[in-house]
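Please look through the model below with its charged and aromatic side chains in mind. The report that follows takes these contacts in turn.

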Amino acid sequence: MKYLPKYVTQAAIVLFLLAGFTIPKGFSNRYADPAMLKGAWHNAEGSIEQSLIVADGYCMLTKYDKTNKKFIHSFGGPLTAAGDKISLKVEFNSNDKTQVGKTMEYDFSIDNNILTSNISGAKTDWQRTDDGKSNLAGNWRITQRKQDGKMGDLPLRARRTLKLLTGTRFQWAAINIETGEFSGTGGGTYTFANGKYTEHIDFFSRDSSRVGASLSFDGKIENGNWIHSGLSSRGEPIYEVWSRMK
């Protein structure tokens, strides 16, 4: 058997490589990487804004009108992702408590810091606002609170208050994951530097007059817990210990 001419061999190799690396039909530079969901995402149409924050496998999504100080809707729960699908087990829904306990599935893809998903109902593009990197980023709950000068433990129960933080955004929610009771939520942006934790409120379901206000606390991370003290939104002194949800 005679050897093929060199130029024929080279052409065959090129064709082989091209065949092996053919881009599938419909493929683009859009991709669905579950790890890329972590952080904060934002969408706005007119004065209506939507905030989606993801940390420690938990997410909270809220629609609100900061300009007119109007809270519209919020829901959230544990989130997982595989391929181009998001699965969300609903732990609270301010509009429909019958959704609590159900697992919802949504499509998603990410391209150049734009998240495209139908998680808010209709297919929507979300702009990333942070990548979820911060000493405080995570899903926290109150585990101790000082009352009458004494620290009291707050065991994990169905009724709980969670605070989810990314690199720049926060949201707390007071919920009951068994009854579906929704007691309130609030959120916005925060800073944490030199022992000072400051919240800038974008939405507040219980009291719209708090929108636009800022609250500052003394804060520190100690033995993995987040300790902060100061005055609540009602001007009452607080000293709380928050621990990460396991």
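Is Phe-203 buried or exposed? In this predicted model, Phe-203 counts as buried because its relative accessibility is 2%, which falls under the 20% cut-off for that class.

## Aromatic pairs

Across the whole structure, the search finds 10 aromatic pairs. One of them joins Tyr-64 and Phe-203, whose ring centres lie 4.9 Å apart with the planes at 35 degrees, so that the pair is classed as tilted. This contact links distant parts of the chain, since Tyr-64 belongs to strand β3 and Phe-203 to strand β15, 139 residues apart. Tyr-64 is likewise counted as buried, at 0% relative accessibility.

A further pair, Phe-192 with Tyr-197, is edge-to-face, with 6.4 Å from centre to centre and 70 degrees between the planes. Tyr-197 is buried, having a relative accessible area of 0%, whereas Phe-192 is partly exposed at 28% relative accessibility. Both residues belong to one aromatic cluster, which also includes Trp-140, Tyr-190, Phe-217, Trp-226 and Trp-242.

## Salt bridges

The search of the whole structure also finds 8 salt bridges. Among them is the contact between Asp-56 and Arg-244, whose closest N and O atoms are 3.4 Å apart; Asp-56 lies in the loop between β2 and β3, while Arg-244 lies in strand β18, 188 residues apart along the chain. Asp-56 is partly exposed, with a relative accessible area of 47%, and Arg-244 is also partly exposed, with a value of 29%.

Strand β15 contributes Asp-202, which is linked to Lys-66 in the loop between β3 and β4, 136 residues apart, through a salt bridge of 3.0 Å from N to O. Here the two partners fall into separate classes, Lys-66 being partly exposed at 35% relative accessibility and Asp-202 being buried at 7%. Lys-66 and Asp-202 are joined with Arg-169 into one network by salt bridges that share partners.

## Lysines over aromatic rings

Lys-163 takes part in contacts of two kinds. Its side chain meets that of Glu-199 in a salt bridge of 2.7 Å, N to O, connecting strand β12 with strand β15 across 36 residues; Lys-163 counts as buried at 5% relative accessibility, and Glu-199 is buried at 5% as well. The charged end of Lys-163 also sits over the ring of Trp-242, 5.3 Å from its centre, and Trp-242 is one of the members of the aromatic cluster.

Another such placement involves Lys-146, which lies over the face of Tyr-239 at 4.6 Å from the ring centre.

Conventions:
Residues are numbered from 1 along each chain as its sequence is written. This is a predicted model: local features need pLDDT of at least 70, side-chain atom pairs count only at pLDDT 80 or more; totals for chains, interfaces and linings use all residues. Side-chain values use heavy atoms; hydrogens and water are left out. A salt bridge is a side-chain nitrogen of Lys or Arg within 4 Å of a carboxyl oxygen of Asp or Glu. Helices (H or I, at least four residues) and strands (E, at least two) are DSSP runs, numbered from the N terminus. Buried means under 20% relative accessible area, exposed over 50%, partly exposed in between (1.4 Å probe, protein chains only). Rings of Phe, Tyr and Trp (its six-membered ring) pair if their centres lie within 6.5 Å; planes under 30 degrees apart count as stacked, over 60 as edge-to-face and the rest as tilted. A charge sits over a ring if NZ of Lys or CZ of Arg is within 6 Å of the ring centre and within 35 degrees of the ring normal.
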